[in-house]
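Student: I'd like to learn how to read a model like this one, feature by feature. Can we go through it together?

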Amino acid sequence: MSSDSHASSSGPSSSGSKMKDFNQRFRDLHKLRQKARKENHEQVNYSIYCRYMLCDFFQVVEEDRRSKLPKNHESKKERDQWQVKELQDRKEAEDKGLDFERVRSLEMSADVTEKLEQKRKRKKNPDQGFASYEDMTLRQHTRLTAALDPDLESYKKMKECVGGEQFYPTADTLIHGNHYPTSSAMDRLVKDVHGQVKRREQYHRRRLYDPDAPIDYINEKNKKFNKKLDKYYGKYTEDIKDDLERGTAI
C-alpha cells in the first residue's frame with residue numbers, strides 16, 4: 001500500500017519537473033536564437049559599414065590621384081589612344097598593300113580631311129606670331145621655296161651657257177647681263193606675283209559700310225581719328241555726348 005502511494009506521488013512530480021525543464025530549455029534556446037540573430041545583424045551592419053568605408057576610402061584615393069594629374073591628362077590619353085589606333089590601322093593597310101592616307105580619306109568627310117591637310121602644312125612652316133620683319137621675310141621665303149617647282153633641264157642648259165664661274169657668283173663676280181630667263185620662267189614669275197597680290201587682298205578684312213551709323217566726320221582721315229577717340233575715351237564721354245545731343249548739357 002505504501003509502495004503504491006509512493007509511486008502515485010512520484011509520477012505527477014516527475015512529469016511536472018520534466019515539463020519545467022522543457023520550458024526552461026525552450027526559453028534558453030529562444031534566448032540563444034535572439035542572441036544569434038542580434039549578432040548576425042551586427043556583423044552584417046559592420047560588414048556593410050566596412051564596405052562603405054572602403055568605397056569612400058578608395059574614392060578619396062582615386063580623387064586625390066586624379067587631382068594630382070595634369071590638366072591635359074584626359075586629352076593626352078585620348079590622343080595617345082588615337083595614335084595607337086592610327087599605327088594599327090596603318091600597319092593593317094600596309095599588310096593588305098593599300099595606301100593608308102587614301103583609306104583614311106575615304107572614311108573621313110571632306111571638311112575634316114581639308115582641316116588635317118592645312119594643319120599638316122602649318123606644322124612645316126608654323127606661324128609663331130610677329131617677331132621681326134626679318135622673321136616674316138624668312139617665313140615667306142620658306143613658303144615660296146617650298147612651293148617652287150624647278151625646271152632642271154633649263155637649269156642645266158643655263159649652267160652650260162653661262163659657265164660655272166658666272167653661274168655660281170662670288171663677291172667679285174659681275175653678274176649683270178649674264179642671266180637670260182626663259183619666257184616660261186617669266187610667265188611663272190608673273191603668275192606667282194599675281195597670286196601673292198590676290199592672297200594679300202584676301203588677307204585684309206574689308207570693313208563694311210554702315211549706312212545707319214551717325215556721320216560725325218568730314219573726311220576719311222577725320223573718320224579714323226574719331227574712331228580712335230571713341231575706342232579709348234568713348235565710355236567716359238558717352239554721358240556728355242548724350243547731353244549735348246539732347247541740349248541738356250550744363
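Tutor: Sure, starting with helices: helices (H or I, at least four residues) and strands (E, at least two) are DSSP runs, numbered from the N terminus. Just after helix α2, G97 has a positive phi of about 80 degrees. Before going on, note that this is a predicted model, where local features need pLDDT of at least 70 and side-chain atom pairs count only at pLDDT 80 or more, while totals for chains, interfaces and linings use all residues. Residues are numbered from 1 along each chain as its sequence is written, and side-chain values use heavy atoms, with hydrogens and water left out.

Student: How many helices and strands are there in the chain?

Tutor: The chain has nine helices and zero strands. Along the sequence, that reads α-α-α-α-α-α-α-α-α.

Student: And how do I read the confidence?

Tutor: Look at pLDDT, the predictor's confidence in each residue, from 0 to 100. The chain's mean pLDDT is 77, with 86% of its residues at 70 or more. Over residues 1-9 pLDDT stays under 50, and the model has zero contacts for them beyond four places in sequence. Contact here means heavy atoms within 4.5 Å.

Student: What share of the chain's residues counts as buried?

Tutor: Buried means under 20% relative accessible area, exposed means over 50%, and partly exposed is in between (1.4 Å probe, protein chains only). Of the chain's 250 residues, 5% count as buried. As for contacts between residues at least 6 apart in sequence, 15% join residues at least 24 apart.

Student: Back to α2. How does its length compare with what a helix should span?

Tutor: The expected span is 1.5 Å times one less than the number of residues. For the 24 residues of α2 that gives 34 Å, and the end C-alpha atoms are 35 Å apart, which agrees.

Student: Which residues does E86 touch, leaving aside its neighbours within four places in sequence?

Tutor: Those are F100 and R104. E86 itself sits in helix α2 (residues 73-96), and it counts as buried because its relative accessibility is 18%.

Student: What about salt bridges: how many does the structure hold?

Tutor: A salt bridge is a side-chain nitrogen of Lys or Arg within 4 Å of a carboxyl oxygen of Asp or Glu. The structure holds four. One of them pairs E86 with R90, with the closest N and O atoms 3.6 Å apart. Both residues lie in α2, four residues apart, about one turn of the helix. R90, at 28% relative accessibility, is partly exposed.

Student: Which residue does K91 pair with?

Tutor: K91 forms a salt bridge with D95, the closest N and O atoms being 3.5 Å apart. They are four residues apart in α2, so about one helical turn separates them. K91 and D95 are both exposed.

Student: Where do R246 and D243 lie?

Tutor: In helix α9 (residues 220-246), three residues apart, about one turn of the helix. Their side chains meet in a salt bridge at 2.6 Å, N to O. R246 is exposed, with a relative accessible area of 56%, whereas D243 is partly exposed at 26%.

Student: One last residue: is Q196 buried or exposed?

Tutor: Q196 is buried, since its relative accessible area is 17%. You'll find Q196 in helix α8 (residues 183-203). Leaving aside neighbours within four places in sequence, Q196 is in contact with Q140 and L144.
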